[in-house]
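Here's a quick briefing to read alongside the model. Have the sequence and the 3D view open as you go.

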Amino acid sequence: MVLQIKSLNKKYEEISLYQDFSITFEEGTITCILGPSGCGKTTLLNMIGRTVLPDGGTFDGFNGKVLSYIFQEPRLLPWKTVKENIEFVLGDSINADERKALVDQFIKLVELDNFANYYPAKLSGGMRQRVSIARAFAYKSDIILMDEPLKGLDIKLKLNLIKTFAKLWKADKRTVIFVTHDIDEALLLGNEIIVLSQAPVQIETRVRVDVPVENRSIDSTTLKDIKQHLLETLGKE
Amino acid sequence: MKILFTKKQIFSLAGVLFMLIVWKILALHFNSDFILPHPEKTLVTTIKLFADGNFLLIVGTTILRGIVGFVISGFLGILLGILAGISPNFNAFLRPILVTVRSIPVVALILLALIWFNPGLVPVFIGFLTMFPFICTNVIDGIRSVDPELIQMSNFYRVNHSKIVREVYIPAIMPFIVSGASSALGIGWRAIIIGEVLSQPRYGIGTVMQSAQTFLNVDAVIAWTIIAVVISYAFEKVIRWGEHRIVVWRF
């Protein structure tokens, strides 16, 4: 199945961010969107999440889809523990036992079982972002939207979180739309990588990465070749 | 050696001692119980007050007035504060009311209240009008301080509105409620006692202070003042203790 945005138009303060723009996302895969900062990547996510309304265009396949989010900042409630923060978004549709089991399961998956009752203030930045990842996966969504969740973290932490993310993703292969400006992040996580241009946004290139997400190495020749291609495309900008 | 007091506590004790010394010097200077009695005599008077048959009734009535005024202010302040914090229009409506109430001299309120209410209710009414704006304003500021990104996150995850109010807004404003309650009570006790002095209800610290003043029992006036200070201090402590329990995630 394919999610399709067609003839999208969006103006922002007299600048045409999107003009007759179309893009597709394959369900059950991770699509990375790369592009220069300020080109409107976040706006695209917000339009998919319907928190920003487009001026025109159709969103096929998105109707009725439940979304979860991983933001640039973890956005945890400071007065709730790790456990409570995940429970907070789960809603009352599932019963208490099930909810508890789900929360425990995901806390374990992101390796925070020893910190389940900690308040965010007592956690490191990387740990907080892991809670935010666990929250997004524990929430019964069809699509996960990610807006540069690894920005500003050091390399080691980044790789660590990518590994955690890949592990969680492998379990249920949810549709992921991942916006970033970091080529390596895209190479390590994307089944597909789409490079966007400056506004008005056009698709510069679209690359499939056929290596399974869980055994990728940034030094492999396949990824190096793709990186070269992406760099050239971005360089034209 | 076991440390009995921290450095800070020693300085605080020195502050108290300083007040007592100044008091003693002034008492020696005036040398008249009708102007300023000696501290030790006042201490004896204070202790004697405890033995007074009506002591608990007097103190209890004043405390009850304070609590009733405080609870009404707290309830309305939090309720209206949340509404004003969420709705800019309601906030615009409420602002002039709060500013007016806060600017009216307490004495003017008391004079009016004396016409409208029976003497026992006047201090409660005054307490309410002085405390309510503090709590309300703090709650409004608290709501304003809630991180919009947390609200956005909650909306993204389709958390329902009542849950957002209960689990995002209310915990976020707790520290503001506590500091609002603390400054409100500080002012509130004073207002309530002024109210009692002027309205002369049957029982109340203000009532006995007024009659002691009429008979030039200066030591009794000061003794009751000390008791009022102790009550105010005790409530401040209770609030701070509560803060540590409620806002546990901060500490």
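Just past helix α1(A), A:R50 adopts a positive phi of about 60 degrees. Keep in mind that this is a predicted model, where local features need pLDDT of at least 70, side-chain atom pairs count only at pLDDT 80 or more, and totals for chains, interfaces and linings use all residues. Residues are numbered from 1 along each chain as its sequence is written, while chains are lettered from A and ligands numbered from 1 in the order in which they are written.

**Helix α1 of chain A**
- Helix α1 (residues 41–48; helices are DSSP runs of H or I with at least four residues, strands E with at least two, numbered from the N terminus) has A:K41, A:L44, A:L45, A:M47 and A:I48 buried (20 or more other C-beta atoms within 10 Å of their own, with C-beta atoms placed from the backbone).
- These residues sit on the same side of α1(A) because they span an arc of only 160 degrees around the axis, taken from the directions from the helix axis to the C-beta atoms.
- Their cover includes β1 (2–12), β3 (30–34), β6 (143–147), β7 (175–180) and β8 (192–196) of chain A.

**Where chain A meets chain B**
- In chain A, 14 residues are in contact with ten residues of chain B (C-beta atoms, placed from the backbone, within 7 Å).
- On chain A's side, β5 (67–70) and α2 (82–90) are the elements that give two or more residues.

**Domains of chain B**
- Chain B is assigned domain 1 (1–31) and domain 2 (36–250), with bounds from an automatic or database domain assignment.
- Their contact takes six residues from domain 1 of chain B and four residues from domain 2 of chain B.

Note on methods. Buried ≥ 20, exposed ≤ 12 C-beta atoms within 10 Å, placed from the backbone. Contact = placed C-beta atoms within 7 Å.
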